Amino acid sequence: QVQLVESGGGLVQPGGSLRLACAASRSLFSIDVMAWYRQAPGKQRELVATITIGGSKNYVDSVKGRFTISRDNAKNTLYLQMNSLKPEDTAVYYCHIPRDGYWGQGTQVTVSS
């Protein structure tokens, strides 16, 4: 069993930045792929970014060049640096371990002036 706890969400103006963190209850060294998802009101949950244990990263087209996923295995933490935020980035953001099916509880990101 792994618990995932997201933090770092909040209200930010368009063009602003936020850094999300996902703290895991155990070591990430044995976890190959980790991911960030988001779910906007009335929409399906969508994959935002993935990162492998080797550092390979993939992003959905809508966030390429603006978001950066990273992981610190020694700190058991996954990150999502979000820059140049847009109102359409407003959603609840979740971290996820695809292999085992674990999800965090989510953190709300609201981009609004």
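Start by selecting arginine 45 and tyrosine 94: the charged end of the arginine sits over the tyrosine ring, 3.8 Å from its centre. Keep in mind that this is a predicted model. Now add tryptophan 103 to the selection. Arginine 45 also lies over the face of that residue, at 4.5 Å from the ring centre.

**The rings around the arginine**

Hide arginine 45 for a moment and show tyrosine 37 as well. Ring pairs link Tyr37, Tyr94 and Trp103 into a cluster, and the count of aromatic pairs comes to 2. How are the rings of tyrosine 37 and tryptophan 103 set against each other? Their centres are 5.0 Å apart and their planes stand at 65 degrees; an angle over 60 counts as edge-to-face, so that is the label for this pair. Colour by element of secondary structure and you'll see tyrosine 37 in strand E4 (residues 33–39) and tryptophan 103 in strand E10 (residues 102–103). The pair therefore ties together parts that are 66 residues apart in sequence.

The other pair is tyrosine 94 with tryptophan 103, again edge-to-face, with 6.3 Å centre to centre and 90 degrees between the planes. Switch on a surface here. Tryptophan 103 is partly exposed, with a relative accessible area of 35%, while tyrosine 94 counts as buried at 12% relative accessibility.

**The open sheet**

Go to cartoon view and pick out E1, E3, E8 and E7. These 4 strands form an open sheet in the order E1-E3-E8-E7, with antiparallel pairing. Which strands stand at the edges? Strand E1 (4–7) and strand E7 (67–72) do; each has a single partner strand, so one side of each is left without a neighbour in the sheet. Neighbouring strands of this sheet are turned by 15 degrees against each other on average, direction ignored.

Walk across the sheet from the E1 edge. E1 and E3 pair over 4 bridges in the antiparallel sense, and one spot to label is glutamate 6, whose bridge partner in E3 is cysteine 22. Check the two faces of E1 as well: Leu4 and Glu6 are on the covered face, Val5 and Ser7 on the uncovered one. Next comes strand E3 (residues 18–24) against strand E8 (residues 77–82), an antiparallel pairing over 6 bridges. Here alanine 23 stands opposite threonine 77 in E8.

**Into the core**

Stay on strand E3 and select leucine 20, which has its place there. Is leucine 20 buried or exposed? Its relative accessible area is 0%, and under 20% counts as buried, so leucine 20 is buried. Leaving aside neighbours within four places in sequence, its contacts include Trp36, Leu80, Met82, Tyr93 and Val109. If you want a distance to draw, the C-alpha atoms of leucine 20 and leucine 4 are separated by 13 Å, with their positions 16 residues apart along the chain.

Four of those names are worth selecting together: Trp36, Leu80, Met82 and Tyr93 touch the most other members of the largest nonpolar core, which has 29 residues. E3, E4, strand E5 (46–52), E7, E8, strand E9 (91–97) and strand E11 (107–111) each supply at least two residues of this core. As background, nonpolar side chains tend to be buried together in soluble globular proteins.

Finish on tyrosine 93. Again not counting residues up to four places away in sequence, tyrosine 93 touches, among others, Glu6, Leu20, Trp36, Tyr37, Val48 and Phe67. Through Tyr37 you can step from here back to the ring cluster with Tyr94 and Trp103.

Terms used:
Residues numbered from 1 in each chain as written. Predicted model: local features only at pLDDT ≥ 70, side-chain atom pairs only at ≥ 80, totals over all residues. Heavy atoms only, no water. Pairing = 2+ DSSP bridges. Axes fitted to C-alpha atoms, helices over the stretch in contact; angles between N-to-C directions. Phe/Tyr/Trp six-rings, centres within 6.5 Å; stacked < 30°, edge-to-face > 60°. Buried < 20%, exposed > 50% of the residue type's maximum accessible area, 1.4 Å probe, protein only. Lys NZ or Arg CZ within 6 Å of the ring centre and 35° of its normal. Contact = heavy atoms within 4.5 Å. Core = buried A, V, L, I, M, F, W, Y, C linked by side-chain atoms within 4.5 Å.
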